[in-house]
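Hi everyone, thanks for making time. I'd like to walk you through how some chains meet in one structure, so let's put it on the screen.

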Number of protein chains: 4
Amino acid sequence: MTPRITVWNEFRHEKENRAVSDIYPDGIHTAIAAGLRANGLQDVRTATLDEPEHGLTDDVLAQTDVLVWWGHKAHGDLTDAVAEKVVQRVWDGMGLVVLHSGHFSKPFKRLMGTSCDLKWREATDKERLWVVHPAHPIAQGVGEYIEIPAEEMYGEHFDIPAPDELIFVSWFTGGEVFRSGCTFTRGSGKIFYFRPGHETYPTYHHEGVLRVIANGARWAAPTASAPRAFGNRAPLEPLPEDPHAAERSQEGFR
Amino acid sequence: MTPRITVWNEFRHEKENRAVSDIYPDGIHTAIAAGLRANGLQDVRTATLDEPEHGLTDDVLAQTDVLVWWGHKAHGDLTDAVAEKVVQRVWDGMGLVVLHSGHFSKPFKRLMGTSCDLKWREATDKERLWVVHPAHPIAQGVGEYIEIPAEEMYGEHFDIPAPDELIFVSWFTGGEVFRSGCTFTRGSGKIFYFRPGHETYPTYHHEGVLRVIANGARWAAPTASAPRAFGNRAPLEPLPEDPHAAERSQEGFR
Amino acid sequence: MTPRITVWNEFRHEKENRAVSDIYPDGIHTAIAAGLRANGLQDVRTATLDEPEHGLTDDVLAQTDVLVWWGHKAHGDLTDAVAEKVVQRVWDGMGLVVLHSGHFSKPFKRLMGTSCDLKWREATDKERLWVVHPAHPIAQGVGEYIEIPAEEMYGEHFDIPAPDELIFVSWFTGGEVFRSGCTFTRGSGKIFYFRPGHETYPTYHHEGVLRVIANGARWAAPTASAPRAFGNRAPLEPLPEDPHAAERSQEGFR
Amino acid sequence: MTPRITVWNEFRHEKENRAVSDIYPDGIHTAIAAGLRANGLQDVRTATLDEPEHGLTDDVLAQTDVLVWWGHKAHGDLTDAVAEKVVQRVWDGMGLVVLHSGHFSKPFKRLMGTSCDLKWREATDKERLWVVHPAHPIAQGVGEYIEIPAEEMYGEHFDIPAPDELIFVSWFTGGEVFRSGCTFTRGSGKIFYFRPGHETYPTYHHEGVLRVIANGARWAAPTASAPRAFGNRAPLEPLPEDPHAAERSQEGFR
C-alpha cells in the first residue's frame, strides 16, 4: 500500500529571494513532491505555511501517513497549536521526514527534547554523505556515498539524542563532519532526519538526495498496528487480597 | 569529587494523607536524602514544590550537579518557567534522576518528547527488578534482582524513546513487565529513570532501592567538559572561492 | 517481492522423544513452514541437521533470503564449516531468525560475540510476551501481548550485546522476565531473536507466535543494496605530496 | 581505585622498520604506557607478542582490569588459545581498549561478530576527530575536536555492529569519514575502540590522543559487580503442578 505523503514547505524564501526562486520556481515542496513521484510514490500532496492552518488541517493530518518537513526562516510563525497537532499525530503513528533546517522547527525540537543546535556555514563546501549502515532500507540504491557539489555546511556537535540508527555521516570540504541521516521513534511514529539541502543550492534536484527522501518516506510509513494502551488495569494474574483497599479507594488520585 | 545533589519532592501527599505520612513523616525527600548519605553521598540538600520558586532558584540549580525528582499529583503546579530552567540545566550538564510518577513531570516529558504514558495499578503486587545490564555502574552491588514486597504496578507499553541503556526490567505479580531502569542523554546531561516507589509503600526505606538511587546519582554527575559550541563557523580547511558571496551576504538570515 | 525462506531444524527430538513427536509429527520445521505460508509467505523450504551438509549447501544458502533457525541438543553436531558459511551469508545480507534454544547455536553465538547464556526452567510457567516497541513492523497485528499457556522459562540475565531494538519482554509465572524479541544487524544482515518455543510445548501451533515469526522473516529480508566495499583507496580530494612515499611503498603490508 | 592496566603491543614493526623505530624507539607500548602515567594512571604494565604466552599469562590477565591492544601485521601469530582467554576475561568484566589496526585482531573480531573491515590509505591525510557525544567521560578535556597532522586514513563503511555509544567521528583530507571512537559491552566487559594511530606516524606522542586513551581506560575499568548467573532455576513464585514432570525428568537435556 502506497503511503499518503504530505510535503510541507515554509515557502517564503522562494517568494523573497531571486537566487532561490531561480532554483525552485514552484517552491521547494514542488521539487520534492516531483522527486517522490519519480521514485514511485504517487500519493503526494503539498502544504505551505501561509495557507489557512498552515495547510495542516485535522483532515489533512488524518489522511497523511508521512509528513515531509522543510522550514528555515519562519519557524516561529508556525502556531503552537499546529506544532502540537503534528507531534500528536507522530505519536499516533504518522511518519515524519525532517529536512535540513527543519532541525530547528517546532515539531522536531519538541520530539527530540534537546536544543537541536549545530554549527553551520553557507559557502562553497562540497558535501559527501557516506553510508555507515548499508543494511538499512533508507540506504537502498545509494551506493557508497552521495556527493553534493556545493551545500551549506552543518557541523558537529549536533545536539540531538543518540539516534536509534545512524545511516549517513557527512564530510565537508572545510573540515567538518555531521551525522546527516538519523532515525528516531517517538510513540508509534518513525522519524527520519536528513541533512541536505539549503535553499540557495539545487539540492532537491539531485537524484541521490531525492532517492533518499523517498526511501525515508517509505521507511517512515506506519506499518505496525500494535496498540498503545495506557491507564488503570486489573491484574491478569491473581493477587493476594489488599489490606489497604479501603484507604486506596479514597486516595483515588492519578 | 562528590556530586552536589538536590532531592526535589512535591511534598503534598505527606501533608494530606495519613497513610503516607505514617511512612514518610518528614517527607519522601528526607528519606531519599538519608539514603543517599548512607551510601556515601554527603553533599545532599532538598527542595519542595511549595517553597518559593519551588525551591529551585537559579542559585540552587547552578550549584546542583544532580537533581533527584519525585512528583505525582501536582505536576501541573510546577511553573513552566521552572520546568524550562530544569531542562536547560540538564542540557548544560546537570544530571537528573527521575523517580516513579516523575515520569509525568514537566521536565521529564519535555526531555523525552513523548507522552511518557503507561499502565498502572495500585494493589498488592510484588515487584522484582531484574538486572539486564550487569556491567553498568548503576547495577553495582545490587545482586541479580531487587525484590519489593508490595508496590504500585507500572506496565508496558511505557511510551518513552528507546533508552540509551536498559538496566532493570520489572516483573509484577499481576502479570505485567516494565522497563524500570533506563538511561538517556539530552545535551550534556545524563538522565536516569528509576520506577519505584509509590507514596503509599515504604519503598524509599528499602536498602536496594536506595543503593540504586545513589548509584544513579553518581553515574549522572557531570564528568565531561567537552564544550557544546554552535553557530556560524569559518572553515578549518581552504575552500574554493565563493561566486555567490555577494548574494549570500545579503541573504544573511538564520 | 516475497522473500525466499529456509526453515532449518535440528530435527532430532522429534525422532527420539514421543512427547515431542506427538506435538510435531512432521518436525518443528514443518510446523513453522506451515505457519509462514499461512501468513502469506509462500516461498518456504526446509532443511535439517542430518541431511548432507545439514541441508545448507552453497546453493541453498545462495537462494535463501531469510534463514529461520531451530536447534537445541545437537548444536555441537553442526560442522564449523557450515556455521561459518551461515555467518558469512548473514554478513552478505541474508536475514536470520533465531528461535528459542537457537541462542546457543554456533551461528548465533558467533554473530553475537558473547556467551548467549541465560537462566531456564522447564515446568508449567505461563509466558506473556509484552510489546515494548509498538511501532516496529515485527509487532504488527500482535495486540498488547502474546500469551502462551505453558512454556519453558528463560530468565535474565540474557548475555547478549544490547540489541539494536527491543520489541518483546516476557513475563513468567515463576517470577522471571526476559528480553524475548531482539533485533541485531551484523554486516548487511538483519537478525531477529525470538524466544519461544521449547520442543515439549505446542508453541509453533500458536497463531500469535507464528505471526511474529512471519513478521520477523519479512523484516529480516534484505532490502538494501548499498555496497560494503573495503580495502585500499585513492583519495577523493587532493592531498599534499607525501615526503615518505618511497618508504611507505616498501612497507606495503596490511 | 586506580585500574590495573596492561598495554599489549605486537612490537614487530619497531624491530623491523627504521621509520617506526625512529618514532617509537622503545616500542609503541612504552609510549602508550608513558601517556597513561602522564594522565594519572600509575598501575601500568606492558606485554608483547613475542614474550612467552604473548605476555598474557593467566596471572597477568587475572590481574588486569583494562587491557590496551595494539597489533597490525601479525594478528595471525596470536594463538587462538590466548585470543580466547582474552575474550573470556572481557566477558568476565575486564575492560578492553582496542587501538587502530587492532580492529582486525582476533579478540576484537571475535567480540564484534562482524568482519571489522574498512577502507584505508597510508598517505598525508590530516585527521580531525570531532566529539559527537560531549557528555561522555571519554570526551573529557578534549575540546571540540582532536587534530592529528598526518595519519593513515580509515574510511566507512566500518563493518562493526552499531556501537552502544558513538563518541568521535573523523574527518580526513582525502574526503572520507570514520566512526573513530565507539563503545561496546560484551558480557560484563566494556570495550572502547579508538582509531588512531598508525605505526609510521608519531600519533602516540600526541597529547590529545593519549588523553583519550587514558579516559577510555578509566571508563572501561570494571565498576559493577552485579553477578552474571546462569543455568537451571527453581521458581521464585509458586507454579501450578506439572502434569508432565515424569516425562521431563527423563528428557533432562540441555
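Let's start at an axis: of the residues of chain D, Trp171(D) comes closest to the rotation axis, with its C-alpha at 3.3 Å. Before going on, the ground rules: this is a predicted model, where local features need pLDDT of at least 70 and side-chain atom pairs count only at pLDDT 80 or more, while totals for chains, interfaces and linings use all residues. Residues are numbered from 1 along each chain as its sequence is written, chains are lettered from A and ligands numbered from 1 in the order in which they are written, and side-chain values use heavy atoms, with hydrogens and water left out.

Now, which axis is that? In general, two copies of a chain are related by a rotation about an axis and a shift along it. Here, chain D lands on chain A after a rotation of 180° with 0.0 Å of shift along the axis, at an RMSD of 0.0 Å. The superposition is by least squares on the C-alpha atoms of residues with pLDDT of at least 70 in both copies. Both copies use the same surface, too: 100% of the contact residues of chain D recur in chain A. Contact here means heavy atoms within 4.5 Å.

So how many residues does each chain bring to the contact between D and A? It's 20 residues from chain D and 20 residues from chain A. The area buried between them is about 1,500 Å², and carbon and sulfur atoms give 67% of that. Buried area is the accessible area, taken with a 1.4 Å probe, that two parts lose on being put together, summed over both. Trp171(D) shows up again here: together with Trp130(D) and Val177(D), Trp171(D) supplies 32% of the area that chain D buries against chain A, more than any other three residues.

What about charges? There are 2 salt bridges between chain D and chain A, a salt bridge being a side-chain nitrogen of Lys or Arg within 4 Å of a carboxyl oxygen of Asp or Glu. In one of them, Glu144(D) meets Lys119(A), at 2.4 Å from N to O. We also get 10 residue pairs in polar contact, both residues at pLDDT 80 or more. A polar contact is a pair of N or O atoms within 3.5 Å; within protein, one must be able to donate a hydrogen and the other to accept it, and residues adjacent in sequence count only if both atoms are side-chain atoms.

On chain D's side, strands S6 (127-131), S9 (165-172) and S10 (177-186) each supply at least two residues. The largest share, 5 residues, comes from S9(D). Helices (H or I, at least four residues) and strands (E, at least two) are DSSP runs, numbered from the N terminus.

Okay, over to chain A and chain B. This contact takes 62 residues from chain A and 62 residues from chain B. The two bury about 5,000 Å² between them, 54% of it on carbon and sulfur atoms. How many salt bridges does the rule find across this interface? The count is 0, but there are 22 residue pairs in polar contact, again both at pLDDT 80 or more.

Chain A goes onto chain B by a rotation of 180° with 0.0 Å of shift along the axis, RMSD 0.0 Å. That's the relation of a two-fold axis. In chain A, the C-alpha nearest this axis belongs to Gly113(A), 2.6 Å away from it.

My favourite bit is a sheet that takes strands from both chains. It's an open sheet of 3 strands in the order S8(A)-S5(A)-S12(B), with mixed pairing. Two strands pair if DSSP finds at least two bridges between them. S8 of chain A and S12 (231-232) of chain B are the edge strands, each pairing on one side only. Within chain A, S5(A) and S8(A) run antiparallel over 3 bridges, and Trp120(A) has Tyr154(A) as its bridge partner in S8(A). Going the other way across the interface, S12(A) pairs in the parallel sense with S5 (residues 119-121) of chain B, over 2 bridges. There, Asn232(A) stands opposite Trp120(B).

Last stop: Arg228(D), in the loop between helix H7 (207-220) and strand S12 (231-232) of chain D. Leaving out residues up to four places away in sequence, Arg228(D) touches residues of three chains, including Pro134(B), His157(C) and Trp91(D). The side chain of Arg228(D) makes polar contacts with the side chains of Asp159(C), at 2.7 Å, and Ser188(D), at 3.2 Å.
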